[in-house]
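Thanks for making the time. I have one structure to walk through today, so let me put it up and then go region by region.

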Amino acid sequence: MKSQANAFKTHLMTGISYVLPVIIAGSLVVALAKIISFAAGYTDLSQFAETSGFLHYIYLFEQVGWTAIGLLNLVLGGYIAFSIGGRPALAAGLVGGALASSTNAGFIGAVVAGFFAGWLTNWVKKRIVISGSLASAVPLIILPLITVGAIGILMALVLGGPLGWINTSLLNWITEMTQSNVNNVVLALVLGAMIAFDMGGPVNKAAWMAGNALMMSGIYLPAILVNIAICIPPLGYGIATLLKRKNFSPELLESGKGSLVMGIIGITEGAIPFTLKSPLKLIPLNVVAGAVGAATAVLLGAHEIMPPVGGVYGFFTVGSSWAYLAGILVGAFIIGIGSNLLVNFRDDKELETKQADKQKEELDELDISFD
């Protein structure tokens, strides 16, 4: 059972790892086009869709970003299937992901389609074996015909409707939550805690995927909260090394510089070397910092104005950008101060050596006094 759960997590994480660069690239392109349009005095570029001139090209550039973001379900379904069944499963996974978009089943449908495509491909490979001159027909004709046909029936006729209803209900629920400041704070606490919990692990990625899937549906606030929480742990440990340098081993002190950079860029894994020093104390601290930082940004008025860009420098894509930065700093300083109070980051060997040296000095002094 445990091995099956680990396999499920591995395949899901593979799909998400392929989605990451597509979504990040798409978000950056859309944000850049939005900034140019704001600078030109326009909040919506769609009015230039049928015109000509500079802003028409900016509109086309923006559509490139939206096209990339729109590939989320397709890439997710395709590469979950690829992780399970290898290259023969890719076609069915891609088709399943595309059908998840067209049936409004969303990222939930893409995940279901990806796993079904992968498992079905493996089943077909084991059951249908043809020798002789027709052997080459299996991977090129028979297997794709069965897997793509089955995924089409599953998504278009069986699961498309129910999954579409679940996805739409989820989006409506999140949309209603974002209309209330109280609910936004709850949302920030939940997403912030999830992001900081395992720093790149399945809980973190689930929150990230939820934020970006909602962004694809035009709901940007969850992605903003996710971006805030991602910066906090690595930035916090980088700050911790600056606040109390003597509390860190030379290796972790050096890692603090990298952690600062990863916090600014928005790579939460930068906090892992520090958290591993004492996970039982530091994971709860990370969770509190991520939740409080994201909630602080909401309470101070951070709001959506365009598809958000991750990292500290993504503040320009958020309304009340100072609140975005304040939320990150509040969370980072919770870790920066709290980690120094809770944990000694120096090496045990170094401590033992220093204690041994101290004891030796005390003994030497005793010897001198006896003489």
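I'll start at Phe-82, which sits in helix 3, residues 72-85. Before going further, note that this is a predicted model. Is Phe-82 buried or exposed? Neither quite applies: its relative accessible area is 29%, so Phe-82 is classed as partly exposed. If we set aside the neighbours within four places in sequence, the contacts of Phe-82 are Tyr-18, Arg-87, Ala-89 and Leu-90. Gly-114 is 32 residues away from Phe-82 along the chain, and the two C-alpha atoms are separated by 8.2 Å.

One of those contacts, Leu-90, takes us to helix 4, which covers residues 90-102. Helix 4 has 13 residues and runs 18 Å from first C-alpha to last, close to the 18 Å expected at 1.5 Å a residue. Its buried residues are Leu-90, Ala-92, Gly-93, Gly-96, Gly-97, Leu-99 and Ala-100. After the helix comes Asn-104, with a positive phi near 65°.

Now the chain overall. There are 14 helices and two strands. Of the 371 residues, 46% are buried. Taking contacts between residues at least 6 apart in sequence, 73% of them join residues at least 24 apart. The accessible surface is about 18,000 Å², and carbon and sulfur atoms account for 68% of that.

On to the interior. In soluble globular proteins, nonpolar side chains tend to be buried together. Here the largest nonpolar core has 74 residues, and the members touching the most others are Val-19, Leu-76, Met-155, Trp-208, Met-209, Leu-225 and Phe-345. Helix 9, residues 221-243, gives the most to this core, with 14 residues. There is also a second, separate core of seven residues, which includes Ala-33, Phe-48, Ala-49 and Ile-58.

Let me take one residue from each. From the largest core, Phe-345: outside its neighbours within four places in sequence, Phe-345 contacts Tyr-237, Asn-247, Phe-248, Ser-249, Leu-252, Phe-274, Lys-277, Leu-282 and Ser-339. From the second core, Ala-33, which is found in helix 1, residues 2-39. Ala-33 has a relative accessible area of 0%, so it is buried. Which residues does Ala-33 contact, leaving aside its neighbours within four places in sequence? They are Leu-45, Ile-58, Phe-61 and Glu-62. Ala-33 and Ile-58 are 25 residues apart in sequence, with their C-alpha atoms 5.9 Å apart.

Leu-282, one of the Phe-345 contacts, is buried in helix 12. That helix has 21 residues, 279-299, which should span 30 Å at 1.5 Å a residue; the end C-alpha atoms are 29 Å apart, so the two agree. The other buried residues of helix 12 include Leu-285, Asn-286, Ala-289, Gly-290, Gly-293 and Thr-296. Just after helix 12, Gly-301 has a positive phi of about 105°.

Next, charge pairs. Side chains of opposite charge can pair when their charged atoms come close. How many salt bridges does a search of the whole structure find? One. The partners are Glu-254 and Lys-257, at 3.5 Å from N to O. Both lie in helix 10, residues 250-265, and because they are three residues apart, about one helical turn separates them. In general, an α-helix has 3.6 residues a turn, so residues three or four places apart point the same way. Glu-254 is partly exposed at 48% relative accessibility, while Lys-257 counts as exposed at 52%.

Helix 10 also turns up on the nonpolar surface. A nonpolar patch of about 630 Å² is formed by Ile-35, Val-261, Ile-264, Ile-265, Ile-267, Tyr-313, Phe-315 and Phe-316. Helix 10 contributes the largest share of the patch, three residues. Val-261 is in helix 10, and at 46% relative accessibility Val-261 is partly exposed.

Last item, a backbone angle. Most residues other than glycine have a negative phi. Ser-320 is not a glycine, yet its phi is positive, about 55°. Where is Ser-320? In the loop between strand 2, residues 318-319, and helix 13, residues 321-342. With 27% relative accessibility, Ser-320 counts as partly exposed.

That's what I have. Happy to go back to any region.

Notes:
Residues are numbered from 1 along each chain as its sequence is written. This is a predicted model: local features need pLDDT of at least 70, side-chain atom pairs count only at pLDDT 80 or more; totals for chains, interfaces and linings use all residues. Side-chain values use heavy atoms; hydrogens and water are left out. Helices (H or I, at least four residues) and strands (E, at least two) are DSSP runs, numbered from the N terminus. The expected span of a helix is 1.5 Å times one less than its number of residues. Buried means under 20% relative accessible area, exposed over 50%, partly exposed in between (1.4 Å probe, protein chains only). A salt bridge is a side-chain nitrogen of Lys or Arg within 4 Å of a carboxyl oxygen of Asp or Glu. Contact means heavy atoms within 4.5 Å. Accessible areas come from the Shrake-Rupley method with a 1.4 Å probe; for residues, only the protein chains shown count as cover. Patches are made of residues with over 30% relative accessible area and no salt bridge: like charges are joined within 9 Å, nonpolar side chains (Val, Leu, Ile, Met, Phe, Trp, Tyr) within 5 Å. A nonpolar core is a set of buried Ala, Val, Leu, Ile, Met, Phe, Trp, Tyr and Cys residues joined through side-chain atoms within 4.5 Å.
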